[in-house]
Amino acid sequence: MITVAAQPFGFAFEPARTALVIIDMQRDFVEPGGFGESLGNDVSRLTAIVPACRRVLDAWREAGGMVVHTREAHRGDLADCPPAKRNRGAPRLRIGDVGPMGRILVAGEPGNQIVAELAPQPGEWEIDKPGKGAFYATFLHDKLQRAGVTHLVFMGVTTEVCVQTSMREANDRGYECLLLEDCTESYFPAFKTAAIEMMRAQGAIVGWTATSGELLAAMQDC
Ligand code: C5J
């Protein structure tokens, strides 16, 4: 058992029953020259977390832990993209349109790939999810149940959208969840702060938070 000095109190997990879940670290959201930047977002905020995510991923792999990568991705025919999602707001580019790195949020396109530093390795799970949450319209819950997973450690982007939604979905399904504060980011700093505070409020109502350093220290000590 490993116990992390987390907030609001220690997060204890059994490594064999815990998966590292990396949410949507895809080029279009994270890299300069992608879809996120074309919408006027400062993607350097997101790019900056890649080294910390890599340190955790390396340590997790070294320890033989289970790794899950998600991508926000739709089918080429957009049959899994409800009009409400595609038409919301007035973006210059919509899901399925051709953006700077291929079709926006379409599986297989260059911008839909995980950034090279965090690229999935053989044996790691890759989940294409049509929603914000990693459990909506995917087999993730079934796969985790079959693998006996009870605890999840989250990293990825964006904190208040796909990370928070996935963590809330996981919490409702009975998983104990830890979010790594310096391994998640938002285009909007205030949203990141608020999301972290609301998740760990009221005695970890959605889950725990800790820094990557706190997780890595706990893993070294065990
Ligand atoms: C994610 C989004 N991954 N913000 N998507 O957070 O639309």
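A residue counts as buried here when its relative accessible area is under 20%, and by that cut-off Leu105, at 6% relative accessibility, is buried. The model in which Leu105 sits is a predicted one, and the values that follow are computed from it.

Leu105 is a useful place to begin, since its backbone also stands out. Its phi is near 55 degrees, a positive value in a residue other than glycine, and its place is in the loop between strand 6 (102-103) and strand 7 (125-129). Most residues other than glycine have a negative phi, and most peptide bonds are trans. Asp24 likewise has a positive phi of about 55 degrees although it is not a glycine; this residue belongs to the loop that runs between strand 3 (18-23) and helix 1 (27-30), and with 0% relative accessibility Asp24 is buried.

Two peptide bonds in the model are cis. One of them joins Gln7 and Pro8, with omega about 5 degrees, and Pro8 lies in the loop between strand 1 (2-4) and strand 2 (11-13). Another leads from Val157 to Thr158, with omega near -15 degrees, and Thr158 is part of the loop that connects strand 8 (151-157) with helix 7.

Asp24, Val157 and Thr158 return when one turns to the ligand, which is surrounded by Asp24, Phe29, Glu72, Lys132, Val157, Thr158, Val161 and Cys162. Within this group, the side chain of Glu72 brings an N or O atom to 2.8 Å from a nitrogen atom of the ligand. The backbone also takes part: an N or O atom in the backbone of Thr158 is 3.0 Å from an oxygen atom of the ligand, while a backbone N or O atom of Cys162 is 3.2 Å from an oxygen atom of the ligand. On its own the ligand has 230 Å² of accessible area, of which the protein covers 85%.

Following the chain onward from Thr158 brings the reader to helix 7 (residues 159-172), where Thr159 has its place. Thr159 is buried, because its relative accessibility of 0% falls under the 20% cut-off. Apart from neighbours within four places in sequence, its contacts are Gln164, Leu179, Thr184, Glu185, Ser186, Lys192, Ala195, Ile196 and Met199. Other buried residues of helix 7 include Glu160, Cys162, Val163, Gln164, Ser166, Met167, Glu169 and Ala170. An α-helix has 3.6 residues a turn, so residues three or four places apart point the same way. Just after helix 7 comes Gly174, with a positive phi of about 95 degrees.

The nonpolar interior can be described next. The largest nonpolar core has 44 residues, and those with the most contacts inside it are Met25, Leu178 and Leu215. Helix 4 (residues 50-62) gives the most to this core, contributing six residues. A second core, separate from it, has 24 residues, among them Ala134, Leu144, Cys162 and Ala195; Cys162 is also one of the residues around the ligand, and Ala195 is also one of the contacts of Thr159. As for Leu178, its contacts beyond neighbours within four places in sequence are Val4, Ala6, Phe11, Leu152, Val153, Phe154, Trp208, Thr209 and Ala210.

Ile127, found in strand 7, is buried with a relative accessible area of 7%. Its C-alpha atom and that of Arg71 are separated by 6.3 Å, although the two residues are 56 residues apart along the chain. With neighbours within four places in sequence left aside, Ile127 is in contact with Val68, His69, Thr70, Arg71, Ala134, Thr138, Leu140 and Lys143, and of these Ala134 belongs to the second core.

What, finally, does a search of the whole structure for disulfides find? It finds zero disulfides, and two cysteines show the distances involved. A disulfide requires cysteine sulfur atoms within 2.5 Å. The sulfur of Cys53 has its closest cysteine sulfur in Cys183, at 4.4 Å, and therefore too far for a bond; Cys53 itself is buried, at a relative accessible area of 0%. For Cys81 the closest cysteine sulfur is in Cys162, and that separation of 13 Å is likewise too far for a bond, while Cys81, with a relative accessible area of 8%, is buried.

Notes
Residues numbered from 1 in each chain as written. Predicted model: local features only at pLDDT ≥ 70, side-chain atom pairs only at ≥ 80, totals over all residues. Heavy atoms only, no water. Core = buried A, V, L, I, M, F, W, Y, C linked by side-chain atoms within 4.5 Å. Buried < 20%, exposed > 50% of the residue type's maximum accessible area, 1.4 Å probe, protein only. Helix = DSSP H or I, 4+ residues; strand = E, 2+ residues; numbered from the N terminus. Contact = heavy atoms within 4.5 Å. Near = heavy atom within 4 Å. Polar contact = N/O pair within 3.5 Å; in protein donor to acceptor, adjacent residues only side chain to side chain. Areas by Shrake-Rupley, 256 points an atom, 1.4 Å probe, with all protein chains shown as cover.
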